Amino acid sequence: MMTAPYSAVAGLPGESMWTVRPIGLLLFAIGHFLDEPDDAYGVVSRLVDALPSGSYLAMSHLTGEFQPEETKKTEAMYKAQGMKLRTRSKDEITRFFDGLELVEPGVTLTHRWRPDALDRVSSEEPGERASVLRRRGSQALSHRGRPSASR
Ligand SMILES: C[S@@+](CC[C@H](N)C(=O)[O-])C[C@H]1O[C@@H](n2cnc3c(N)ncnc32)[C@H](O)[C@@H]1O
């Protein structure tokens, strides 16, 4: 369970998970199922803290910035089925990455992440942001928000 990350990494806080060599941690379409009572930011930071230095985190996350009404309907639909969906703004998503080195183009829309066929995707209805981060050293994440320049 994402909400019990220590069972996922089978380690103690501050210990590296699985290996001493850098690895990639992929959290695609997962973060928006964790809300504040689940300690969403703490869950992600504990997983990242267990990564060996030089590892990468790639994360995609639903955002409601561009279609607020549709997003509200979708969240309500999930709730009616007994599931939670917590979309987040760019600043809220960026907060997951405090203390990590942002890889360009940053916390950007998923279809703008180094696209090789941008003309085939619409820029009018984005619903998700994607990011890649590098863990530099053994610093712990502080969960303070950090703005990013790219859209
Ligand atoms: C949209 S799918 C994405 C799956 C996969 N990451 C991918 O990109 O194909 C979301 C996944 O999150 C899982 N999930 C939702 N809440 C979770 C939680 N609290 N802990 C672990 N997994 C969870 C769901 O079971 C589902 O498999």
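A residue counts as buried when 20 or more other C-beta atoms lie within 10 Å of its own, as exposed when there are 12 or fewer, and as partly exposed in between. With that in hand, welcome to a set of close-up views of a predicted model.

**Figure 1. The whole chain, with 4 helices and 5 strands.** Starting at the N terminus, the elements follow the order α-β-α-β-α-α-β-β-β. The chain has 151 residues, and 23% of them count as buried. Among contacts with a separation of 6 or more, 81% join residues that are 24 or more positions apart. Mean pLDDT for the chain is 81, with 72% of residues at 70 or more. A word of care belongs with residues 142-151, where the pLDDT is below 50; in the model this stretch has 25 contacts beyond near neighbours in sequence. By element, helix α1 (residues 5-9) has the lowest confidence, a mean of 53, while helix α4 (residues 90-94) has the highest, at 97.

**Figure 2. Positive phi values at Ala29 and Asp39 in the loop between β1 and α2.** Most residues other than glycine have a negative phi. Here, Ala29 has a phi near 55 degrees, which is positive although the residue is not glycine. Asp39, also a residue other than glycine, has a positive phi near 60 degrees. How exposed is Asp39? Its C-beta neighbours inside 10 Å number 14, so Asp39 is classed as partly exposed. Ala29 has 14 such neighbours inside 10 Å, and therefore it is partly exposed as well.

**Figure 3. β1 and β2, with the crossover between them.** These two strands pair in the parallel sense, over 5 bridges. Across the pairing, Leu25 stands opposite Leu57 of β2. To get from β1 to β2 the chain passes through α2, and this β-α-β crossover is right-handed. Strand β1 has 5 residues and the number of them buried is 0, so the strand lies largely in the open.

**Figure 4. Helix α2 (residues 40-49), largely enclosed by the rest of the structure.** Why is α2 described in this way? Because 7 of its 10 residues are buried. Those residues are Ala40, Val43, Val44, Ser45, Arg46, Val48 and Asp49. For a look at one of them, follow Val44: leaving out residues up to four places away in sequence, Val44 touches Leu27, Gly31 and Phe96.

**Figure 5. The largest nonpolar core, a set of 16 residues.** The members that touch the most other members are Val44, Val48, Leu57, Phe96, Leu100 and Leu133. Two or more residues each come from α2, β2 (56-62) and β5 (128-134). Helix α2 provides the largest share, with 4 residues.

**Figure 6. Phe96, a buried residue in the loop between α4 and β3.** How many other C-beta atoms surround Phe96 within 10 Å? There are 25, so Phe96 is buried. Setting aside neighbours within four places in sequence, the contacts of Phe96 are Gly31, Tyr41, Val44 and Met59. The C-alpha atoms of Phe96 and Tyr41 are 5.7 Å apart, although 55 residues separate the two in sequence.

**Figure 7. Gly54 and Arg135, brought together from 81 residues apart along the chain.** Gly54 sits in the loop between α2 and β2. A distance of 5.3 Å separates its C-alpha atom from that of Arg135. Not counting neighbours within four places in sequence, Gly54 has contacts with Pro22 and Arg135. Is Gly54 buried or exposed? Gly54 has 12 C-beta neighbours inside 10 Å, so it counts as exposed.

**Figure 8. A cis peptide bond leading into Pro105.** Most peptide bonds are trans. The bond from Glu104 to Pro105 is cis, with omega near 15 degrees. To find this spot, look in the loop between β3 (101-102) and β4 (108-109), where Pro105 is placed.

Notes:
Residues numbered from 1 in each chain as written. Predicted model: local features only at pLDDT ≥ 70, side-chain atom pairs only at ≥ 80, totals over all residues. pLDDT = per-residue confidence, 0-100. Contact = placed C-beta atoms within 7 Å. Core = buried A, V, L, I, M, F, W, Y, C linked by C-beta atoms within 7 Å. Pairing = 2+ DSSP bridges. Right-handed = clockwise from strand over helix to strand, strands pointing away.
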